[in-house]
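Subject: Structure handover and notes

Hi there,

Here is the structure I promised to pass on. Please have it open while you read, and my notes follow below.

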Amino acid sequence: MYSEKYLQIPNMLAVLAYEGDYHYIDRLGNSHSKPLALYYLREALRDFNALKRSPPNDMPSDALGLMSSIDARLLEHEIESIGKLQSTQDLRETISLICAKALAKTSMFIGVRK
């Protein structure tokens with residue numbers, strides 16, 4: 001049910017976390033209410049827009065590709081879907097899934113030490 005519904009938000013969070021800073025994912029994952037979750041999403045979107053305007057020169061091509069693949073209209077739709085969630089349980093399940101997907105996508109930017 002949720003797996004195809006939320007793709008853009010996890011991608012955005014993964015791009016933001018590419019340098020190892022997971023605070024966007026952590027804050028969203030620890031939000032206990034819909035207003036707080038939406039607040040953290042707004043903060044992430046603000047920083048994502050800034051990053052999109054001027055990505056660092058050393059940003060990996062995987063992160064650049066993921067960033068350019070994010071569809072703003074679908075992203076907005078996913079945020080509106082979160083805004084329509086009625087129960088705390090649905091909110092917690094959705095946010096947990098989004099954060100887990102973001103962490104899985106972030107793992108593409110992590111090299112394996114040998």
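Let me start with a small puzzle: is Tyr39 buried, partly exposed or exposed? With a relative accessible area of 37%, Tyr39 is partly exposed. Before going further, please keep in mind that this is a predicted model.

Tyr39 also belongs to an aromatic pair. A search of the whole structure turns up one such pair, and its partners are Tyr39 and Tyr40. Their arrangement is edge-to-face, with 5.4 Å from centre to centre and 65 degrees between the planes. Tyr40 counts as partly exposed too, at 23% relative accessibility.

Next, the charges. Side chains of opposite charge can pair when their charged atoms come close. Searching the whole structure gives one salt bridge. Here the side chains of Arg42 and Glu43 meet, at 3.7 Å from N to O. Arg42 is exposed, its relative accessible area being 52%, while Glu43 is partly exposed at 24%.

Glu78 is the residue I would most like to show you. Helix α5, residues 72-83, contains Glu78. This residue is buried but has no salt bridge. Which side chain of opposite charge is nearest to Glu78? That is Lys101, and it is 7.2 Å away. Salt bridges were counted within 4 Å, so Lys101 at 7.2 Å does not qualify.

What does the side chain of Glu78 reach instead? One partner is the backbone nitrogen of Gln8, at 2.9 Å. Another is the backbone nitrogen of Ile9, which lies 2.8 Å from a polar atom of the Glu78 side chain. Leaving out residues up to four places away in sequence, Glu78 touches Lys5, Tyr6, Leu7, Gln8, Ile9 and Pro10.

Ile9 leads on to the nonpolar interior. The largest nonpolar core has 32 residues, and those touching the most other members are Ile9, Met12, Leu13, Val15, Leu28 and Ile82. At least two residues of this core come from each of α1 (8-16), α2 (23-29), α3 (34-53), α4 (61-69), α5 and α6 (88-106). The greatest contribution is that of α1, which gives six residues.

Val15 is a good place to look at this core in the viewer. With its neighbours within four places in sequence set aside, Val15 is in contact with Phe48, Leu51, Met59, Ala63, Leu66, Met67 and Ile70.

Happy browsing, and best wishes!

Definitions and conventions
Residues are numbered from 1 along each chain as its sequence is written. This is a predicted model: local features need pLDDT of at least 70, side-chain atom pairs count only at pLDDT 80 or more; totals for chains, interfaces and linings use all residues. Side-chain values use heavy atoms; hydrogens and water are left out. Helices (H or I, at least four residues) and strands (E, at least two) are DSSP runs, numbered from the N terminus. Buried means under 20% relative accessible area, exposed over 50%, partly exposed in between (1.4 Å probe, protein chains only). Lys and Arg count as positive and Asp and Glu as negative; His and the chain ends are not counted. A polar contact is a pair of N or O atoms within 3.5 Å; within protein, one must be able to donate a hydrogen and the other to accept it, and residues adjacent in sequence count only if both atoms are side-chain atoms. Contact means heavy atoms within 4.5 Å. A nonpolar core is a set of buried Ala, Val, Leu, Ile, Met, Phe, Trp, Tyr and Cys residues joined through side-chain atoms within 4.5 Å. Rings of Phe, Tyr and Trp (its six-membered ring) pair if their centres lie within 6.5 Å; planes under 30 degrees apart count as stacked, over 60 as edge-to-face and the rest as tilted.
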